[in-house]
Amino acid sequence: MTDKIIAFQGALGAYSDLACRTVKPGWRTLPCKTFAGAIEAVHTGRADLAMLACENSLAGRVPDIHTLLPASGLHIVGEYFQRIEHCLLGVPGARLEDIKRVHTHPVAMGQICNLLRERGLTPVTEFDTAGAAELVALWGKKEEAAVASELAAELNGLEILLKNVEDAKHNTTRFYIASRTAERPACGTPHVMTTLIFNVKNIPGALYKVLGGFATNGLNMTRLESYMTGGSFAATRFLMDVEGHPEEDRLGKALSELEFFAENAEILGVYTQSPFRRHMTGAPSEDQTSGPADAISG
């Protein structure tokens with residue numbers, strides 16, 4: 001066991017906790033109530049890294065990251081994809097026919113509709129998946145069950161009654177890994193991602209001009225999301241993930257054009273792509289052992 005610590009939003013046993021333990025085996029995981037708390041833990045030195053869910057293949061983007069990260073002074077140093085595999089958990093000795101109610105996070109509840117319908121179970125939403133497992137263990141009642149990770153079952157002494165109860169088998173969450181110190185790969189390193197944020201005035205053609213440099217330089221944007229800022233409808237803030245290194249010629253030219261037309265452009269991180277991303281796109285990968293990223297629900 002090292003003295004290294006990685007923070008996450010959620011309770012012990014959450015899918016984010018599972019992601020932390022997978023990415024940094026032997027590190028101590030630090031549960032935080034909010035994303036802001038996880039970021040603050042790194043900022044103040046209580047943790048070395050933060051594992052921050054940023055998007056999910058079913059639920060879409062995770063809010064707050066676009067506002068919290070730029071103001072935090074932290075840097076994105078990696079990404080991780082966690083496959084979400086929901087388990088139906090009961091107290092020791094419980095059988096499937098004993099279960100009447102299922103407790104879990106609202107997002108997870110929306111991902112187990114088939115289970116609820118086929119077994120006639122009553123859904124009860126809780127703050128997060130791991131917290132639901134903790135409650136079921138505390139109550140000790142055979143009619144109560146939780147839907148959470150296998151890790152949550154292990155930490156709370158629950159039995160796994162069913163595995164992979166999620167409706168969609170592709171359910172995957174992507175995480176940013178954030179650090180106080182930027183750890184950019186060297187220019188020329190293959191399979192690099194750059195994440196940046198910028199403002200665009202709400203006028204005709206503004207976004208077209210900002211993004212033109214990426215098209216003309218043949219760059220692949222894998223994520224582009226807009227956010228209103230400061231309660232105003234006059235300007236829009238964008239978060240972008242793009243393949244490439246900013247010190248390389250093509251992305252360097254595109255960023256120069258972006259800065260000419262955009263405002264407050266800031267690079268949040270330059271990091272090596274997860275092998276899982278290359279596996280998804282069919283690109284060659286030397287190491288495809290890394291799993292998908294963590295779940296959006298705690």
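Begin by selecting Phe238, a residue that counts as buried because its relative accessible area is 10%, under the cut-off of 20%. Keep in mind throughout the tour that the model on your screen is a predicted one.

With Phe238 still highlighted, add Phe198 to the selection, and you will find a residue that is buried as well, with a relative accessible area of 0%. The structure holds 3 aromatic pairs, and Phe198 and Phe238 make up one of them, a stacked pair whose ring centres lie 5.7 Å apart and whose planes stand at 15° to each other. If you now colour the chain by its strands, you can see that this pair links distant parts of the chain, since Phe198 belongs to strand 12 and Phe238 to strand 14, which covers residues 232–243, with the two positions 40 residues apart in the numbering.

How are the rings of Phe260 and Phe261 arranged? Select these two residues next and turn the view until both rings are visible: their centres are 5.0 Å apart and their planes meet at 85°, so this pair is edge-to-face. Phe260 counts as exposed, because its relative accessibility of 68% is over 50%, whereas Phe261, at 39%, is partly exposed.

From here, move along the chain to Asn264, which lies in strand 15, a strand that runs over residues 263–272. The backbone deserves attention at this point, for phi of Asn264 is near 55°, a positive value in a residue that is not glycine. Most residues other than glycine have a negative phi. Asn264 is also exposed, with a relative accessible area of 55%.

A second residue of this kind is His191, so select it and look at the backbone there: its phi is positive, at about 60°, although the residue is not a glycine. His191 sits in the loop between strand 11, residues 172–179, and strand 12, residues 192–201. Is His191 buried, partly exposed or exposed? With a relative accessibility of 33%, His191 counts as partly exposed, because that value falls between the cut-offs of 20% and 50%.

Now go to helix 3, which covers residues 65–72, and select Ser72 within it. Ser72 counts as buried, at 8% relative accessibility. Which residues does Ser72 touch, once its neighbours within four places in sequence are left aside? Add Ile39 and His43 to the selection, for these are the residues with which Ser72 is in contact.

Finally, clear the selection and zoom out until the whole chain is in view. The protein chain has 10 helices and 15 strands, and its C-alpha trace spans about 65 × 45 × 40 Å along the principal axes. For 298 residues, a compact globule would have a radius of gyration near 19 Å, and the value of 21 Å for this chain agrees with that. Of these 298 residues, 50% count as buried.

Switch on contacts as well, if your viewer allows it: among those between residues at least 6 apart in sequence, 75% join residues at least 24 apart. With a surface display, you are looking at an accessible surface of about 13,600 Å², of which 52% belongs to carbon and sulfur atoms. Colouring by charge makes a last stop, where the chain shows 28 positive and 35 negative charges, whose mean positions are 2 Å apart.

Conventions: Residues are numbered from 1 along each chain as its sequence is written. This is a predicted model: local features need pLDDT of at least 70, side-chain atom pairs count only at pLDDT 80 or more; totals for chains, interfaces and linings use all residues. Side-chain values use heavy atoms; hydrogens and water are left out. Helices (H or I, at least four residues) and strands (E, at least two) are DSSP runs, numbered from the N terminus. The radius of gyration is taken over C-alpha atoms; the globule rule is 2.2 Å times the number of residues to the power 0.38. Buried means under 20% relative accessible area, exposed over 50%, partly exposed in between (1.4 Å probe, protein chains only). Contact means heavy atoms within 4.5 Å. Accessible areas come from the Shrake-Rupley method with a 1.4 Å probe; for residues, only the protein chains shown count as cover. Lys and Arg count as positive and Asp and Glu as negative; His and the chain ends are not counted. The place of a charge is taken as NZ of Lys, CZ of Arg, CG of Asp or CD of Glu. Rings of Phe, Tyr and Trp (its six-membered ring) pair if their centres lie within 6.5 Å; planes under 30 degrees apart count as stacked, over 60 as edge-to-face and the rest as tilted.
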